[in-house]
Amino acid sequence: MSKFTTLYSSYGQSVWLDYIDRNLLVNGGLRELVSAGVRGVTSNPTIFHKAISEGALYDDSIRDLMQADAQIDASTLYQWLTIQDVQMAADLLAGLYRSSDKADGFVSLEVSPHLAHDTQGTIEAARHLWKMVERPNLMIKVPATRAGIPAVETLIGEGINVNVTLLFSTARYEEVMDAYLRGLARNPDPHSVASVASFFISRVDGMVDDALADLDGPEAASLQGRIAIANARLAYSRFKERFSSPDFEPQRRRGARVQRPQWASTSTKNPDYRDVLYVESLIGPDTVNTVPPATLDAFQGHGEMR
């Protein structure tokens, strides 16, 4: 049994791959990872840019799209290529989506970062992607900006799965949970929709460690590499409190799911830290850890579960 399967069966945590490219999809790599216990896939524009610009597997699709429309612009071309990848990944994960009763087996696709401060633009873009991909196990990434919060509520109310991204503070997390609960209340079939709230981990330490270093003292030094994990654990504590509270009970009775915390940016950026620090330290029930390939391999090789 792989460690990823054990994480789910014994600890209640789903591991999602934070990477996608066409080679992984057409040559059996993703199928093998799913067989090994990986339960979802996340993507972002940076991942797609790397995949498309460095690989030749997209060339035929690019030629086909350009032959169909010689005037196609780069943005539209990019969108079609990413939609094709997400559709293929969603189809590969469809069996897991069904067997998990729509709890896992998702593929995340991000709305344009240019819409981060545009509520209505985010809603319309999410609806467009939902319609174009046309897969029930698609999860739309919406940033947890002030403009993104009301978009989350609307999309959950409409039955569109949402991955709320770029969370750093527990204060903003409270707003995200509020939006999710309001969206569930508007949804006639809350069991059909799923959501995760993505806390970015290593980036917190990247910022805070520099500030601690500037303090130049033993107490500050002892806190380096610990703040991101502490922040995530505070968020997890609030998650457990909120989704066991009377606030959620009416929606639970209607079949609604909890909005699981998702740990993102879990590769270790500081070479002085253990390469699986942010995977080993954040194992818990009803959580998702979205892990890039190198960290996935490292955890499978020498990670410890506790």
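This text walks through a predicted model, taking one helix, the strands beside it, a loop residue and some aromatic rings in turn.

A good place to begin is helix 7, which covers residues 119–133. How far apart are the end C-alpha atoms of this helix? They are 21 Å apart, and the helix has 15 residues. At 1.5 Å a residue the expected span is also 21 Å, so the two values agree. The expected span uses one less than the number of residues, because the distance is counted in steps from the first residue to the last.

Several residues of helix 7 are buried, namely Gly 121, Thr 122, Ile 123, Ala 125, Ala 126, Leu 129 and Val 133. The elements that cover these buried residues include helix 6 (74–99) and helix 8 (148–157). Strand 3 (106–110) and strand 4 (138–143) are also part of the cover.

The two ends of the helix can be looked at in turn. At the N-terminal end, Asp 118 acts as a cap: one of its side-chain oxygens lies 3.4 Å from the backbone nitrogen of Gln 120. After the other end comes Glu 134, with a positive phi near 55 degrees. Glu 134 belongs to the loop between helix 7 and strand 4. Is Glu 134 buried or exposed? Its relative accessible area is 61%, so Glu 134 counts as exposed, the cut-off being over 50%.

A positive phi deserves a remark, because most residues other than glycine have a negative one. Asp 101 is another non-glycine residue with a positive phi, of about 55 degrees. Asp 101 sits in the loop between helix 6 and strand 3. With 41% relative accessibility, Asp 101 is partly exposed.

That loop leads to strand 3. Of the 5 residues in strand 3, 4 are buried, so the rest of the structure largely encloses this strand. Strand 3 runs parallel to strand 2 (residues 40–41), and 2 bridges join them. Here Gly 40 stands opposite Phe 106. Strand 3 also runs parallel to strand 4, to which 4 bridges join it. In this pairing, Val 107 of strand 3 faces Leu 138 of strand 4.

Further along the chain, Thr 268 lies in the loop between strand 7 (260–264) and helix 14 (277–280). The relative accessible area of Thr 268 is 19%, so this residue counts as buried, the cut-off being under 20%. Which backbone oxygens does its side chain reach? The side chain of Thr 268 comes to 3.0 Å from the backbone oxygen of Arg 274. A polar atom of that side chain also lies 3.3 Å from the backbone oxygen of Asp 275. Beyond its neighbours within four places in sequence, Thr 268 has contacts that include Tyr 273, Val 276, Leu 277 and Tyr 278.

The last topic is the aromatic rings. The structure has 11 aromatic pairs. One of them joins Phe 239 and Phe 243, with 5.4 Å between the ring centres and 45 degrees between the planes, and this pair is tilted. Phe 239 is buried, at 3% relative accessibility, and Phe 243 is buried too, at 4%. Both belong to a cluster linked by ring pairs, together with Tyr 180, Tyr 236 and Phe 248.

Rings also lie beneath charged side chains. Arg 39 lies over the face of Tyr 8, at 3.6 Å from the ring centre. Lys 3 is placed over the face of Phe 299, at 5.8 Å from the ring centre.

Conventions: Residues numbered from 1 in each chain as written. Predicted model: local features only at pLDDT ≥ 70, side-chain atom pairs only at ≥ 80, totals over all residues. Heavy atoms only, no water. Phe/Tyr/Trp six-rings, centres within 6.5 Å; stacked < 30°, edge-to-face > 60°. Buried < 20%, exposed > 50% of the residue type's maximum accessible area, 1.4 Å probe, protein only. Lys NZ or Arg CZ within 6 Å of the ring centre and 35° of its normal. Contact = heavy atoms within 4.5 Å. Polar contact = N/O pair within 3.5 Å; in protein donor to acceptor, adjacent residues only side chain to side chain. Pairing = 2+ DSSP bridges.
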